[in-house]
Amino acid sequence: MHLNGSTPLLTPTRRRTVGVVIAAVLLLIGSLLLVYPERAGAAADPLISRGKTATASSDEDSGLGPQKAFDGDPATRWASAEGKDPQWLRVDLGATADVTRVQLSWEDAYAKAYRIEISADGTTWTRLADESAGNGGTDDWSGLSGKGRYLRVYGTARGTAYGYSLYEVEVYGTFDGAPPQTGAFTVVAAGDIAAQCTASDSDCAHPKTAALAQKLNPKFYVTMGDNQYDDARIADYRAYYDKTWGVFKDKTHPVPGNHETYDPAGSLAGYKAYYGAIAYPQGKSYYSFDEGNWHFIALDSNSFDQSAQIDWLKADLAKNSKACIAAFFHHPLYSSGGHGNDPVSRPVWKILYGAKADLVLNGHDHHYERFAPQNPDGKATADGITEIIGGMGGAEPYPIENVQPNSQKRISGEYGVLKLDFTDSDYTWSYVGTDGKTKDAGPKYACH
């Protein structure tokens, strides 16, 4: 078999401790390499995958997630669901790299057949190596030659009746032209989340979106309102949302939606009682925070008509020192869904546009939609704001009704979350369904 039709695929070397003789040989080789370091590759390419964002086709449980295979701890591991082929494990290296070596440390549940693949965009894959007679242990693929940002191990045949399980995946190589962007991080976002149902109901979606969100293992989570249906009472938050998305509440930055105002105990009463200082870190239902080279602004679109929030927003933007700006709130200015365009957000858009904001995330309409960069008047422009609606967190889907200008992609009926990837100077995203598959991938945009 050949790589790209010309280069022979390599056969992995395997380290097996089978006796004193082999141990002695390894000891001898080690001593020789100390004396002649150039023969060991003194200038060998560095490890570039440690701690990077990882995703997988499945995991056996939350303690065996994909990130465990890139944490540098030989005692932790990723494990896929049992008894199913194929399965895959993917790492985002954070920048384009020339990959020269991949080392796999299998647990007892190993792959009999698998391939190692590389991709520039996470969609189109090129095969680097191929194994058809694996027997576990450690597979060390050296002498590879591939360029890309994403690398995955794609298992096609299990060596046991269980699943696939890897203690560590180590990717070695060099980054293309420059080191990867500093400050790179991932965010998972969704709006319109917890209906009044639990995992015991097979039609209940928010346990599934929560499991997906947790598996993606982002730096933090963002909610875009209507977090708890129907009236966002504290009892409902505790009975439903808390059992799913509440598992990672301490890593969540929420905003309220209109359903949070319906609480009989008072507008936002249950919302405030549940989240506490997480939703009110600056004493108000709107706030801001920084991550890397990004300034994030969490707004309460229920009160866009109140001067206090507008004045705060202007002051917050005036003192911002970050190059990139993202805002998130419930009501979208533009939407092709049932609620449609909401002019209540236009004054805020004008302020954000004047501050050269890059990205706005919304909910309210229960579908996924992305727009080309546009100004507050809906004119497509390179210096415009990219709006993404991610209202498929668990509430009943809404149909697409009136497609708006500059709308580039719309998905209704498939629950999922937004996975957003940020660096110091740009951002991109994908819409991931509860089946773990990418339903749409946005372009990469540079910050204004």
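**Helix H5 and the nonpolar cores**

In helix H5 of this predicted model, Gln309, Ile310, Trp312, Leu313, Asp316 and Leu317 are buried (under 20% relative accessible area, with exposed meaning over 50%, for a 1.4 Å probe and protein chains only). They lie on the same side of H5 because they cover an arc of only 160° around the axis, taken from the directions from the helix axis to the C-beta atoms. On the other side of H5, Ser307 and Ala318 are exposed. The buried residues of H5 pack against strands E15 (287–291), E16 (294–298) and E17 (324–328) and against helix H6 (346–354), contact meaning heavy atoms within 4.5 Å. Helices (H or I, at least four residues) and strands (E, at least two) are DSSP runs numbered from the N terminus.

Residues are numbered from 1 along each chain as its sequence is written. Local features need pLDDT of at least 70, side-chain atom pairs count only at pLDDT 80 or more, totals for chains, interfaces and linings use all residues, and side-chain values use heavy atoms, without hydrogens and water.

The largest nonpolar core has 30 residues; such a core is a set of buried Ala, Val, Leu, Ile, Met, Phe, Trp, Tyr and Cys residues joined through side-chain atoms within 4.5 Å. Val102, Leu104, Ile116, Val169 and Val171 have the most contacts inside this core. At least two of its residues come from each of strands E4, E6, E7, E8, E10 and E11, and E6 gives the most, with nine. Beyond its neighbours within four places in sequence, Ile116 is in contact with residues including Val102, Leu104, Leu128, Trp141 and Leu151. Apart from this core lies another, of 29 residues, among them Val187, Leu359, Leu361 and Trp429.
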